[in-house]
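The following exercises concern the predicted model shown below. Each task is followed by a solution that goes step by step.

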Amino acid sequence: MGLLSLLKQERFLIVALTSGFVAYSVEHSVLEAGKTASLITAAVLIGIIILASTRVAHHAEILAHKVGDPYGTMILTLSAVAVEVLILAIMMGNTSSPTLVRDTIYAAVMLDINGILGLAALLGGLRHGEQPYNDDSSRTYSVMILTAMGISMIVPEFIPGDRWHYYSAFTICAMIALYAVFLKMQVGPHSYFFSYTYPRAAKPATSTRTPRAETEHESAAISIGVILVGVLIIGFLAEFMSTLMNAGLEGSGAPLTLMAVVVAAISAAPEILTALRAALRNRMQSVVNIAMGASLSTVILTVPVMESIALYSGQPFVMAMTPVQTVMVTVTLIAAAINLNDGQTNAIEGMTHFVLFATFVMLTALGL
């Protein structure tokens with residue numbers, strides 16, 4: 001691949017990098033112009049960050065095609081979580097909200113399970129009827145998400161304030177242990193839990209080069225390099241976006257969870273497109289791996305990173321979910337356990353999760 005061709009393909013990242021330098025030069029002028037200007041600029045930066053994250057997801061998808069499931073979806077979800085953790089860490093430095101980590105993880109789970117999985121199963125079900133997948137994967141994901149969220153976001157409600165650091169250290173160890181065993185299962189002898197053998201489609205006789213073949217010829221080294229550069233550019237932009245958003249929302253009466261939803265939405269945006277494409281192609285296993293895997297990775301990887309920051313700074317985060325959040329997570333995981341227990345999804349199951357996602361949006365708008 002020539003240099004000019006590579007630059008043309010990565011024009012979104014070039015635009016993002018250029019925008020970062022522009023934001024650096026005009027940041028003070030925008031802040032002085034008032035809250036409206038700050039919010040508009042922050043919204044523009046959010047759009048640019050999403051465009052940049054789609055390129056990161058694209059190259060993660062290239063690597064995913066090369067290695068196949070379950071390694072492929074693991075790469076996709078880890079790249080999204082890396083973007084989320086980076087943005088979250090940057091925004092924590094620009095806000096005094098002690099609940100941002102909790103609200104972001106909660107929003108990510110709602111977006112991934114109810115938003116991505118719900119919409120994908122709904123649209124895929126309307127097109128294909130019942131869509132098969134390996135139910136071993138859904139059961140494994142569900143019980144892991146329930147355990148991880150229970151340990152890190154429900155139990156903390158009962159931990160005395162003067163002993164938070166002990167439980168925080170325990171949570172870090174517990175999440176690492178859970179992920180280590182999960183990773184060994186996902187890439188080890190139990191990797192068949194997370195894969196599904198689809199009937200091989202007949203290849204058109206007139207086509208000698210498919211999009212998949214083009215993907216195979218793209219360099220893995222280039223994809224890895226673009227992912228690393230893309231994450232750095234996203235972090236660069238997130239610094240300015242966070243500052244401008246805080247300035248624009250200050251005293252506006254906007255829901256406190258809005259910034260958390262923004263962080264979750266940025267990381268989930270590329271996954272939504274990937275999952276919808278998979279569902280419309282009748283590949284529901286990829287949707288389950290992406291949606292449930294992203295939820296699990298968000299909890300099990302974000303919590304230890306942020307808890308480590310809390311221990312280092314000596315300032316704890318509020319990790320215990322509110323009663324409304326606990327109810328929504330409980331209903332979501334119960335619905336997922338019932339819907340994803342028979343190896344097939346349909347439009348009705350997708351609709352139940354999508355209605356739960358709409359409920360989450362409504363509750364967020366109400367400030368709950």
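**Exercise 1. Aromatic pairs**

State how many aromatic pairs the structure holds, and classify the pair of Y24 and F240.

Solution. The structure holds nine aromatic pairs. Rings of Phe, Tyr and Trp (its six-membered ring) are paired if their centres lie within 6.5 Å; planes under 30 degrees apart count as stacked, over 60 as edge-to-face and the rest as tilted. The ring centres of Y24 and F240 are 6.3 Å apart and the planes stand at 70°, so this pair is edge-to-face. Next, locate the partners: Y24 belongs to helix 2 (residues 11-33) and F240 to helix 9 (residues 220-249), so the pair ties together parts 216 residues apart in sequence. Helices here are DSSP runs of H or I, at least four residues long, numbered from the N terminus.

The numbering and the model need a word here. Residues are numbered from 1 along each chain as its sequence is written. The model is predicted: local features need pLDDT of at least 70, side-chain atom pairs count only at pLDDT 80 or more, totals for chains, interfaces and linings use all residues, and side-chain values use heavy atoms, with hydrogens and water left out.

**Exercise 2. Exposure of the ring partners**

Determine whether Y24 and F240 are buried or exposed, then treat the pair of Y106 and F360 in the same manner.

Solution. Buried means under 20% relative accessible area, exposed over 50%, and partly exposed in between (1.4 Å probe, protein chains only). Y24 has a relative accessible area of 57% and is therefore exposed. F240, at 6%, counts as buried. Y106 and F360 form an edge-to-face pair, 5.6 Å centre to centre with 75° between the planes. This pair links distant parts of the chain, with Y106 in helix 5 (residues 100-128) and F360 in helix 13 (residues 347-365), 254 residues apart. Y106 is buried at 5%, and F360 is buried at 3%. As a last step, consider the wider arrangement: ring pairs join F21, Y24, F236 and F240 into a cluster.

**Exercise 3. Salt bridges**

Which residue forms a salt bridge with E10, and which parts of the chain does the pair tie together?

Solution. Side chains of opposite charge can pair when their charged atoms come close. A salt bridge is a side-chain nitrogen of Lys or Arg within 4 Å of a carboxyl oxygen of Asp or Glu. The structure holds four salt bridges. In one of them, E10 is paired with R55, the closest N and O atoms being 3.0 Å apart. E10 lies in the loop between helix 1 and helix 2, and R55 in helix 3 (residues 35-67), so the pair ties together parts 45 residues apart in sequence. E10 is buried, with a relative accessible area of 5%, and R55, at 13%, also counts as buried.

A further bridge joins D103 and R102 (3.0 Å, N to O), and both of these residues are buried. R139 and D135 meet at 3.3 Å, N to O; both lie in helix 6 (residues 135-154), four residues apart, about one turn of the helix. R139 is partly exposed at 37%. Finally, D135, D136 and R139 are linked in a network of salt bridges.

**Exercise 4. Surroundings of two residues**

Which residues does I105 touch, and which does T332 touch, not counting residues up to four places away in sequence?

Solution. Contact means heavy atoms within 4.5 Å. I105 is found in helix 5 and, at 0% relative accessibility, counts as buried. Under the stated exclusion of residues up to four places away in sequence, I105 touches M153, T298, V299, T302, V303 and M319. In addition, I105 and A264 are 7.5 Å apart in space, C-alpha to C-alpha, while 159 residues apart in sequence. T332 is found in helix 12 (residues 323-339) and is buried at 1%. With the exclusion of residues up to four places away in sequence, T332 touches M110, I113, N114, H353 and L356.

**Exercise 5. Backbone angle of a loop residue**

Where is N282 found, and what is its phi?

Solution. N282 is found in the loop between helix 10 (258-280) and helix 11 (284-313). Its phi is near 65°, a positive value in a residue other than glycine. Most residues other than glycine have a negative phi. At 26% relative accessibility, N282 counts as partly exposed.

Notes
Helices (H or I, at least four residues) and strands (E, at least two) are DSSP runs, numbered from the N terminus.
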